[in-house]
Amino acid sequence: MSTRIAFLKGHGTENDFVIVPDPENVIGLPSSAVAALCDRRAGIGGDGLLHVVRSAAHPEARHMAAEAEWFMDYRNGDGSVAEMCGNGVRVFARYLQHAGLVTEGDLAIATRGGVKTAHIAKDGDVTVGMGRARLPEGEVTVNVGDRSWPARNVNMGNPHAVAFVDDLAHAGDLLTPPPFTPASVYPDGVNVEFVVDRGPGHVALRVHERGAGETRSCGTGACAVAVAAARRDGADPAVTGTPATYTVDVPGGRLVITERPDGEIEMTGPAVIVATGEIDAEWLENAVR
């Protein structure tokens, strides 16, 4: 391993990431290394890490190489592996543009949640095709202190529990995962969104992301919230033939989510590269011991 490892720092509506370019998948990134890099005091700091690898060079993505040249090997801030991260896809696309690997327009990105399409617009926003939502049957309840709410179970390639509340402060500090029942519904944990209405087609959320705690934004969470809000409001594009669009305010900014009649969900928002630098390989080796 070289003594220096290139990295970048980026964010999408303040959901921030350490970006490690590694086209041939030669940099060892065990969970302890990812957690050390994402540590906000002793490391670089981030809600997660975007490991940029050619699909053909990664065993989990080789089967997608014909569709997407690049694989987003996404890790949560605690080092755990995640299926998808919507804001991460936007920042991943922005990195590829920043590095001169793609230009404005459409591209495909492989993720553990499947191949996602992205569109880099001239105005700087990135739109990501997030796939279809699945709405598993069964009742779910989310609890914070002595309050509890029914939650909508929405799967966007990763699991979400969406609870509509009267006040976002009722979500508490979100330092620990909000309890939910029944436990069997989410055996591997869940992202929990607390949602309030701001107006017609306009909601705001706070989120506890599985493996990361409260974050400033969650792309898959915003999509899950838009779908849950549409169903609550009696809108199902597959039935009406009319797209359903919701503006979703997150603590770090604003996203626009559209569910099309064919079930595909599109998310549009900003993605920013804020810094480039080098990781000291000796520090990283020591950090993971």
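What follows is a chat about a helix, a glycine and a pocket in a predicted model.

Trainee: Hi! What are the ground rules here?
Mentor: This is a predicted model, where local features need pLDDT of at least 70, side-chain atom pairs count only at pLDDT 80 or more, and totals for chains, interfaces and linings use all residues. Residues are numbered from 1 along each chain as its sequence is written, and side-chain values use heavy atoms, with hydrogens and water left out.

Trainee: Cool. How many residues of H3 are buried?
Mentor: Twelve of its 14, so H3 is largely enclosed by the rest of the structure. Buried means under 20% relative accessible area, exposed over 50%, and partly exposed in between, with a 1.4 Å probe and protein chains only. Among the buried ones are Gly219, Cys223 and Val227. Helices are DSSP runs of H or I with at least four residues, strands are E runs of at least two, and both are numbered from the N terminus.

Trainee: And what comes after H3?
Mentor: Glycine 234, with a positive phi near 80°.

Trainee: Switching topic: is glycine 199 buried or partly exposed?
Mentor: Its relative accessibility is 28%, so glycine 199 counts as partly exposed. Glycine 199 lies in strand S12, residues 191–199.

Trainee: How far is glycine 199 from alanine 42 in space?
Mentor: They are 41 Å apart, C-alpha to C-alpha, and 157 residues apart in sequence.

Trainee: Which residues lie nearest the centre of the largest pocket?
Mentor: Thr117, Ala118, Val128, Gly129 and Glu266, out of 15 lining residues. Strands S5, S6, S7 and S17 each give two or more residues to that lining. A pocket is an open set of points on a 1 Å grid over the protein atoms alone, where a 1.4 Å probe fits, with protein on both sides within 12 Å along at least five of seven lines; lining residues have an atom within 4 Å of a point.
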